[in-house]
Amino acid sequence: VNEKQLRRRAYALREAMIEMTPPLVLVAEDDDDVRRLVATALRKDGCSVIEAADGSALLDHIGSALLFGNVRGELDPIAVVVSDIRMPGPSGLEILAHLRRSDIGVHVVLMSAHVDDAVRADAERYGADALLAKPFDIDELLDIVRRGLPSVGLRPDPASASS
Amino acid sequence: MSAGRTAQAAEIASLRLGYARSLPERLGCLRAAVLAWGRAPDDGELLSRAESLAHRLRGTAGSYGFAAFSATAGAVEDALRRCRAAGTAGDETMAVIALALRAADDFALEAIAILEAGSPPPAGRAEGVSTLPHTPVEEDV
């Protein structure tokens, strides 16, 4: 086996490992109860979830996930961002605008208890993939997130998801 | 239902039960906030606190599947907003708030009892525990 073949095998193995990694979902919500519900449901659905209690923490987590994901060779390490619109620090809309300006490929689901025409227009203008009015049905949120996940067929069975 | 789905449902059910058990205390906080504002109706901060608590209960309880409870919390929030708009706390509005809080108490107790029994609510009963999707509450503003 020559060096070229070894490299090819290592690359294929890395690609396979990346594909088998549970999709990473970042959840930002300042209401602990809602965040816990959303994060638990997503984890049990086979996702890897990082929680943020405000906009600043979400931005930090986005930066870290992109940095370490890219180091591992992942082009789009964050599958989905689920974010409240109104929360301390940068709002969900501001973070969405930042993501789109930076051309970061990520599916963004916004949540708000104050959904009106202006919020809908802003969400659409900034390129949100979905806007969910609170209170929402957790199954509806899971469906929306699943639609945003890449390589759905490779997602682990929820039974094997431990976190 | 697969083992994974069963585990998922059990985890969510456990979260819902925990949240349901916290509802009486949360309602107590809301009631105390409304009473405090009722004693000092000119205090905008007290009104904001009561509004905020009602608003949060409306959204969070609804997302946990407690539709009727969410609707009653929403009625309190809407009444408080009307008071803010009118610049006064009318007797009629305060009566609406008191009624809604009593109804929310009942819904919370019913929800806890049903979830602790571990059985789904029978059709047409258990307004506090709705199977999803929940019944819509008044439009959020």
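Here are some numbered notes on this predicted model, taking the overall scores first, then chain A, then chain B.

1. **Overall confidence.** Since this is a predicted model, start with its scores: ipTM is 0.73 and pTM is 0.78. For chain A, pLDDT averages 86, and 88% of the residues score at least 70. Chain B has a mean pLDDT of 81, with 80% of its residues at 70 or more.

2. **Where to be careful.** Each chain has a stretch to read with caution. In chain A, pLDDT stays under 50 over residues 151–163, and the model has 19 contacts beyond four places in sequence for that stretch. In chain B, residues 121–141 stay under 50, and here the model has 50 such contacts beyond four places in sequence. Keep those scores in mind when you look at contacts there.

3. **Chain A, the layout.** Count the elements and you get 6 helices and 5 strands in chain A. What pattern do they follow along the sequence? Chain A reads α-β-α-β-α-β-α-β-α-β-α. Have a go at tracing that on the structure above.

4. **Chain A, inside and outside.** Chain A has 163 residues, and buried ones make up 47% of them. Its accessible surface comes to about 8200 Å², with 52% of that belonging to carbon and sulfur atoms. If you take the contacts between residues at least 6 apart in sequence, 65% join residues at least 24 apart.

5. **Strand S1 of chain A.** This one is worth a proper look. S1(A) covers residues 24–28, and 5 of its 5 residues are buried. Which residues sit on each side? Leu24(A), Leu26(A) and Ala28(A) are on one side, while Val25(A) and Val27(A) are on the other, and both faces are covered. Why do the names split like that? In a regular strand, side chains alternate between the two faces of the sheet, so every second residue points the same way.

6. **The neighbours of S1(A).** S1(A) pairs with S2(A) (residues 48–52) through 5 bridges, and these two strands run parallel. S1(A) also pairs with S3(A) (residues 78–84), again in the parallel sense and over 5 bridges. You can check this residue by residue. Leu24(A) stands opposite Ser48(A) in S2(A). Val25(A) has Val49(A) as its bridge partner in S2(A), and Val80(A) as its bridge partner in S3(A).

7. **Getting from S1(A) to S2(A).** What lies between these two strands in their β-α-β unit? The answer is helix H2(A), residues 32–44, and the unit S1(A), H2(A), S2(A) is right-handed. Try following the chain through it on screen.

8. **Chain B, the layout.** Chain B is built from 4 helices and 0 strands, so to speak a plain α-α-α-α run from the N terminus on. Of its 141 residues, 43% count as buried. Chain B exposes about 7200 Å², and carbon and sulfur atoms supply 57% of that. Among its contacts with a separation of 6 or more, 67% are between residues 24 or more positions apart.

9. **Confidence across the helices of chain B.** Which helix scores lowest, and which highest? Confidence is lowest in H1(B) (residues 3–39), at a mean of 88, and highest in H2(B), at 94.

10. **Arg58(B).** Here's a residue to click on. Arg58(B) is found in H2(B), residues 44–63. Is Arg58(B) buried or exposed? Its relative accessibility is 3%, and because the cut-off for buried is under 20%, Arg58(B) counts as buried. Ala71(B) is 13 residues away along the chain, yet the C-alpha atoms of the two are separated by 6.6 Å.

11. **Helix H3 of chain B.** A quick sanity check on length: H3(B) (residues 67–86) has 20 residues, so at 1.5 Å a residue it should span 28 Å, and its end C-alpha atoms are 28 Å apart, which agrees. Gly87(B) follows H3(B), with a positive phi near 75 degrees.

12. **Helix H4 of chain B.** Do the check again here. H4(B) (residues 91–117) has 27 residues, so the expected span is 39 Å, and its end C-alpha atoms are indeed 39 Å apart. The buried residues of H4(B) include Ile97(B), Leu101(B), Phe107(B), Ile112(B) and Leu115(B). After H4(B) comes Gly118(B), with a positive phi near 75 degrees.

Methods: Residues numbered from 1 in each chain as written. Chains lettered and ligands numbered in written order. Heavy atoms only, no water. Buried < 20%, exposed > 50% of the residue type's maximum accessible area, 1.4 Å probe, protein only. Expected span 1.5 Å × (residues − 1). pLDDT = per-residue confidence, 0-100. Contact = heavy atoms within 4.5 Å. Areas by Shrake-Rupley, 256 points an atom, 1.4 Å probe, with all protein chains shown as cover. Pairing = 2+ DSSP bridges. Right-handed = clockwise from strand over helix to strand, strands pointing away.
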